[in-house]
Amino acid sequence: MSSQPTDINSIRPWRTIERRKSRKIRVGSVEVGGDAPIAVQSMTNTLTHDVEATVGQVLALQEAGADIVRVSVPDPDSAAALRSIVDQVQVPLVADIHFHYKRGIEAAENGAACLRINPGNIGGQSRVKEVVAAARANGCSIRIGVNGGSLERELLEKYGEPCPDAMVESALMHARMLDDEGFHDYKISVKASDIFLTVAAYHQLADATDAPLHLGITEAGGTRIGTVKSSIGMGNLLWAGIGDTIRVSLSADPVEEIKVGFDMLKSLGLRTRGVNIISCPSCARQGFNVIETVKTLEDRLAHISEPISLSIIGCVVNGPGEAMFTDIGFTGGSAGYGMMYHAGKKTGKTDNEDMIDDIVRSVEERAEVLRGSREAAE
């Protein structure tokens, strides 16, 4: 079974996204910036010093495809727990540090791959120097995290309110604190809960530095509204080529953040992990229950990590056309059956009663072929 062209931009230039040029850093084994794939990350919500619970959540995120996971390190017990957590997971961990510089030093020494800090709130240049020394000695990168809800008092007095100029000035001021120590392995974020503020700040920051940028709409809300807000704001930036790593902030199971993040990148052709289902909203023409079928397929195909496109269309109006551009397709017909497609070509009829099993089997077979090709190339 042949696949569709992998470089669709060569034949459809209007799909091209030219990524902003940034320098490359490492977060453990993961490259961030430059030509590296856009990394998807989330954050645990367990008490970090509860090693068993935190490891369990990190492993769930890892299984969902997370490239990087952040954990909060607010106290000595959490910093000490990092060593045991790091030893039990494969994904690089970012230690979230606020206010106490010693937690940053401890986290670096205990295996964190990156420190998320705001250099201005850990005690001035002398303490930044100590944190940088620990990061450098342990091969640890740094994320400068600026948040619209916690800007410095002097910047709020200067600008009157959180605004793009204030956020970017804060970010660049903190970057200079690291640059002054000869440390350049850092990425920057300028997040806010306001979409307009966030997007404007990132556009401005992208022009002011070549540091990799971590994207997010902070405190975006629950699964539905948070997904919408994040998709509008981060999708706008990603489409403009801005962003080297992303986190979708949802008041939900952190695994949902990874799912939404990958779906966002898949929609823009920036990452291709897992099955991308193209399906119709259904109408009176449908030859089967599209909505329930798609729900079932999402569950049964969640274990597939290979990039496969699948079209599930209720009738023959758009079904054959969509199937031409997907690896596998199913189009509803009449009299209780539909048509299967592989690489845009008809492969035969399938009864509605059997279609889910047939589709799953076809996707798994395609995944096995892709897996074998990848392993042979390695």
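This briefing covers helix α9 and its surroundings, the salt bridges, a surface patch and one strand residue. The model is a predicted one, in which local features need pLDDT of at least 70 and side-chain atom pairs count only at pLDDT 80 or more, whereas totals for chains, interfaces and linings use all residues. Residues are numbered from 1 along each chain as its sequence is written, and side-chain values use heavy atoms, with hydrogens and water left out. Helices (H or I, at least four residues) and strands (E, at least two) are DSSP runs numbered from the N terminus.

**Helix α9**

- Helix α9 comprises residues 254-267, and its 14 residues reach 20 Å from the first C-alpha to the last, close to the 20 Å expected at 1.5 Å a residue; the expected span is 1.5 Å times one less than the number of residues.
- Of the 14 residues in α9, 10 are buried, so that the helix is mostly covered, where buried means under 20% relative accessible area, exposed over 50% and partly exposed in between, with a 1.4 Å probe and protein chains only.
- The buried residues of α9 include Val255, Ile258, Phe262 and Leu265, and also the charged-type positions Glu257 and Lys266.
- These buried residues pack against β3 (39-43), α1 (51-64), α8 (223-239), β10 (245-247) and β11 (275-279).
- At the N-terminal end, aspartate 253 caps α9 through a side-chain oxygen that lies 2.9 Å from the backbone nitrogen of valine 255.
- After α9 comes glycine 269, whose phi is positive, near 70°.

**Salt bridges**

- The count of salt bridges comes to 21, a salt bridge being a side-chain nitrogen of Lys or Arg within 4 Å of a carboxyl oxygen of Asp or Glu.
- Aspartate 67 and arginine 271 form one of them, with their closest N and O atoms 3.2 Å apart. This pair links distant parts of the chain, 204 residues apart, since aspartate 67 sits in the loop between α1 and β4 (68-72) and arginine 271 in the loop between α9 and β11. Both aspartate 67 and arginine 271 are buried.
- Glutamate 257 forms a salt bridge with arginine 247, the closest N and O atoms being 2.9 Å apart. Because glutamate 257 lies in helix α9 and arginine 247 in strand β10, the pair ties together parts that are 10 residues apart in sequence. Glutamate 257 counts as buried at 1% relative accessibility, and arginine 247 likewise counts as buried, at 12%.
- Lys24, Arg26, Glu31 and Asp35 are joined into one network by salt bridges that share partners.
- Arginine 103 and glutamate 106 meet through their side chains in a salt bridge of 2.8 Å, N to O. These two residues are separated by about one helical turn, because they are 3 residues apart in helix α3 (residues 101-109). Arginine 103 is buried, with a relative accessible area of 9%, whereas glutamate 106 counts as partly exposed at 23%.

**Surface patch and strand β15**- Ile225, Val228 and Ile232 form a nonpolar patch on the surface, with about 260 Å² of accessible area together, and of these isoleucine 232 lies in helix α8. Patches are made of residues with over 30% relative accessible area and no salt bridge, like charges being joined within 9 Å and nonpolar side chains (Val, Leu, Ile, Met, Phe, Trp, Tyr) within 5 Å, while accessible areas come from the Shrake-Rupley method with a 1.4 Å probe, only the protein chains shown counting as cover for residues.
- Threonine 347 lies in strand β15 (residues 345-351) and counts as partly exposed at 48% relative accessibility.
- Leaving aside neighbours within four places in sequence, threonine 347 is in contact with Met340, Tyr341 and His342, where contact means heavy atoms within 4.5 Å.

Notes
Polar contact = N/O pair within 3.5 Å; in protein donor to acceptor, adjacent residues only side chain to side chain.
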